[in-house]
Amino acid sequence: GIYENGNFVTVVESEPGAAGVLNSTKAKESIPDEGMTLISADFINEIEIKPIDIMLTSIQSNKNAIKQMTEGGTFTIKYIAKQGDTLSSIANIYSVSTDDLYDADNEKQLNSVEMDDLITIRKNVTPVQVEMVEKGTMTEVVKFESSQVETADLYIGETMVQQEGVDGKNAITGKVTKVNGEITAKDLTKSEVITEVVNEIVLVGTTKKPATVATGVYGMPIR
């Protein structure tokens, strides 16, 4: 099994397979941007590879394990209860809640467990965190912001886009730190605007609609 900060994440067939999954995960999350050179890449949290008691049918392919570690997701685990097991002890092994423990058919939540019970564990995985540092010159997209302006020219409940938002672009030079593809820190020596950002403006109506305004709905007279 692969663990992050002591929490079970996913499981593959062998220790070498788990090591390969970790290397592929790190490589996938540390691809430098065009014009940038990778300086370093590593997992932020402690990562461990440890044996885990699990049915063969629950072992993940390396491809699925990499997807779970980079994108997150859910998968099910089958476990046969042993003597002394409790719902809490089983949940702790797989880093889930007791609410994630179901019967063999994955239909009913368990409220007790007995030896040799076949249990279905619903495992939700969040992506592991990989931090990368790159340097060079790259293009950074500046997301436009949206604001609302009240107007009496529209009725309450009506809106209209007065100005479309357009993302801007900057050319930045220096060192950039990312976690799972998102910029978390910048140490720049130069920043130049390529395209100015245009923020979105949305008009919001404040005028109360009079009762005499047509609804646009027609009714068939009934005799």
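User: Which residues is S58 in contact with, leaving aside its neighbours within four places in sequence?

Analyst: They are V11, T76, I77 and K78. Contact means heavy atoms within 4.5 Å. This is a predicted model, where local features need pLDDT of at least 70, side-chain atom pairs count only at pLDDT 80 or more, and totals for chains, interfaces and linings use all residues. Residues are numbered from 1 along each chain as its sequence is written, and side-chain values use heavy atoms, with hydrogens and water left out.

User: Why is S58 called buried?

Analyst: S58 has 2% relative accessibility. Buried means under 20% relative accessible area, exposed means over 50%, and partly exposed is in between (1.4 Å probe, protein chains only). The 2% of S58 is under 20%, so S58 counts as buried. S58 lies in the loop between β4 (47-49) and α2.

User: What makes N106 partly exposed?

Analyst: The relative accessible area of N106 is 25%. That falls between the 20% and 50% limits, so N106 is partly exposed. N106 sits in the loop between β6 and β7. Its phi is near 60 degrees, a positive value in a residue other than glycine.

User: Why point out a positive phi?

Analyst: Most residues other than glycine have a negative phi. N180 also has a positive phi, near 50 degrees. N180 is found in the loop between β11 (168-179) and β12 (182-195). With 24% relative accessibility, N180 lies between the limits and therefore counts as partly exposed. A glycine can be added here: G72, just after α2, takes a positive phi of about 80 degrees.

User: Is L110 buried or partly exposed?

Analyst: L110 is partly exposed, because its relative accessible area is 22% and buried needs a value under 20%. L110 lies in the loop between β6 and β7. Leaving aside neighbours within four places in sequence, L110 is in contact with L87, L101, Y102, D103 and I119. The C-alpha atoms of L110 and D100 are 8.6 Å apart, with these positions 10 residues apart along the chain.

User: How do you know that V21 is buried?

Analyst: Its relative accessible area is 0%, which is under 20%, so V21 is buried. V21 belongs to helix α1 (residues 15-28). Outside its neighbours within four places, V21 is in contact with I2, V12, N62, A65, I66 and M69. S61 is 40 residues from V21 along the chain, and their C-alpha atoms are separated by 9.6 Å.

User: Which residues of helix α2 (residues 62-71) are buried?

Analyst: The buried ones are A65, I66, Q68, M69 and T70. They pack against β1 (2-4), β2 (7-10), α1, β5 and β7.

User: What makes a stretch of the chain a helix or a strand?

Analyst: Both are DSSP runs, numbered from the N terminus: helices (H or I) have at least four residues, strands (E) at least two. On that basis the chain has 3 helices and 13 strands.

User: Why are β6 and β7 said to pair?

Analyst: Two strands pair if DSSP finds at least two bridges between them. β6 and strand β7 (residues 118-125) have 2 bridges, so they pair, in the antiparallel sense. L101 stands opposite I121 in β7. The open sheet here has 3 strands in the order β5-β7-β6, with antiparallel pairing. Its edge strands are β5 (73-80) and β6 (101-102), since each pairs on one side only.

User: How many bridges join β8 to β11?

Analyst: There are 12, and these strands run antiparallel. E140 has N170 in β11 as its bridge partner. Strand β8 (residues 130-142) also pairs with strand β3 (residues 36-43), in the antiparallel sense over 7 bridges. There, F43 stands opposite V130 in β8.

User: What is the radius of gyration of the chain, set against a compact globule?

Analyst: The chain has 27 Å, but a compact globule of 223 residues would have a value near 17 Å. The radius is taken over C-alpha atoms, and the globule rule is 2.2 Å times the number of residues to the power 0.38. The C-alpha atoms fill a box of roughly 75 × 75 × 25 Å along the principal axes. Of the 223 residues, 31% count as buried.
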